[in-house]
Amino acid sequence: MPPSIHWEEITKLISARLYTLGFDSVKAFPAQRYNEKLSTYSPLPTFSQTNSTLSILVGNTKHLWTEFLKYYSTEIFTNYTYEIPPSSNHCASSTTYSEDSDNEEYKKQNPLDYYTRISITKVIKEIILLKNLANLNYDIRYTFDLDKKKFVAFQILAENASFAYYNRICYLNVHKEFGPWIGLRAVITFDIEGPLNSLQLFPELKNPFPEGDENLERKIQEIYGTKDHNYHQQDNRMITDENKSDTDTKSEEIKEQWHKFVELRDIASGFMDKELLEKYRYSKDQIEYHYTNNIELLNRIVLNNKN
């Protein structure tokens with residue numbers, strides 16, 4: 001029998017602890033909402049629950065950047081033997097994580113993914129110990145999990161959880177307050193009865209800026225020179241060994257044209273006033289690292305902050 005703890009209590013505990021680590025967007029929802037919409041994907045576990053199993057979407061605004069840089073500066077950068085090369089635009093390639101992999105190498109090549117993983121697991125273990133929940137079953141899926149047994153269509157999930165509208169023209173989630181300046185990091189599912197699965201609690205989200213769709217469409221066509229949008233629907237298909245090379249190709253396209261993808265976010269931000277944009281739009285450094293995963297850029301940022 002699952003431990004007795006209410007879904008609101010554990011959600012508040014997770015939210016408060018993750019906030020201090022930079023993950024300031026947390027939304028509880030029934031796992032069934034995601035499962036019933038996507039029959040072609042690996043479902044979220046429902047454990048012993050039937051009507052509603054607690055799932056918690058974990059994301060962030062620009063708040064994450066400061067906390068991540070603190071971690072990177074003290075836990076990773078200090079172990080580098082690093083000199084800035086005279087001219088370089090090297091982007092580290094993403095490496096798939098596994099429990100058997102060389103975690104040190106993975107940590108250096110994918111520090112933000114690694115930070116996400118250790119932060120979330122740390123918080124869950126702390127709460128399990130605090131609330132004496134040793135027998136509580138749970139499951140964590142990350143946005144960087146591409147294995148078909150763990151893969152989650154996070155952009156669709158965020159919309160089903162009534163967190164952020166999913167604009168299928170530009171393939172960005174757009175929050176009513178934060179705009180498109182959000183990151184989706186993980187979903188945690190517990191063997192606990194979750195919130196009621198109702199349209200009152202989880203209404204269908206509307207596009208906060210439909211007036212921008214025409215400009216978004218033009219920008220997409222400018223970037224790719226085509227009206228065929230299948231290139232950008234990685235979240236709408238199962239990632240397998242067969243299409244992994246195609247996925248890698250699209251990632252390289254994004255790295256090469258990342259400025260244009262920033263323009264997409266700026267267009268989707270059209271409903272935000274100046275105050276909100278100043279509050280939530282990513283910094284220049286955060287934007288560039290977000291799109292390029294450039295480790296040399298990250299090292300330069302840390303060096304500049306230390307000087």
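Here is a walk through a sheet, the helix packed on it, and the nonpolar cores of this structure. Keep in mind that the model is predicted.

Let's start with the sheet. It's an open one, built from 4 strands in the order 1-2-6-3, and the pairing is antiparallel. At the edges you'll find strand 1 (25-30) and strand 3 (138-142); each has a single partner strand, so one side of each has no neighbour in the sheet. On average, neighbouring strands are turned by 20° against each other, ignoring direction.

Now look at how the strands are joined. Strands of a sheet pair through backbone hydrogen bonds, in either a parallel or an antiparallel way. Here, strand 1 and strand 2 run antiparallel and are joined by 6 bridges. On the other pairing, strand 2 (residues 53-60) meets strand 6 (residues 183-193) over 7 bridges, also in the antiparallel sense. I56 is a handy residue to find: opposite I56 of strand 2 stands A28, while the bridge partner of I56 in strand 6 is I188. Another pair to look for is S55 with its bridge partner T189 in strand 6. Helix 1 (residues 7-19) packs on this sheet, where it touches strand 1, strand 2 and strand 6. The direction of helix 1 makes about 20° with that of strand 2.

Stay with strand 2 for a moment. Why is strand 2 largely enclosed by the rest of the structure? Because 8 of the 8 residues of strand 2 are buried. In a regular strand the side chains alternate between the two faces of the sheet. In strand 2 both faces are covered: T53, S55, L57 and G59 are buried on one side, and L54, I56, V58 and N60 are buried on the other.

That brings us to the nonpolar cores. The largest has 44 residues, and the ones that touch the most other members are I10, F68, I120 and F190. Several elements each supply at least two residues of this core, including helix 1, strand 2, helix 3 (63-75), strand 6 and helix 12 (295-306). Helix 5 gives the largest share, 8 residues.

F190 is a good place to zoom in. Setting aside neighbours within four places in sequence, F190 is in contact with residues that include I10, I14, T53, L54, I56, I124 and Y138. So where else do nonpolar residues gather into a core? There is a second, separate core of 42 residues, and Y34, L44, A161 and I220 are among them.

How values were computed. Residues are numbered from 1 along each chain as its sequence is written. This is a predicted model: local features need pLDDT of at least 70, side-chain atom pairs count only at pLDDT 80 or more; totals for chains, interfaces and linings use all residues. Side-chain values use heavy atoms; hydrogens and water are left out. Two strands pair if DSSP finds at least two bridges between them. Axes are lines fitted to C-alpha atoms, for helices over the stretch in contact, and angles run from 0 to 180 degrees between N-to-C directions. Contact means heavy atoms within 4.5 Å. Buried means under 20% relative accessible area, exposed over 50%, partly exposed in between (1.4 Å probe, protein chains only). A nonpolar core is a set of buried Ala, Val, Leu, Ile, Met, Phe, Trp, Tyr and Cys residues joined through side-chain atoms within 4.5 Å.
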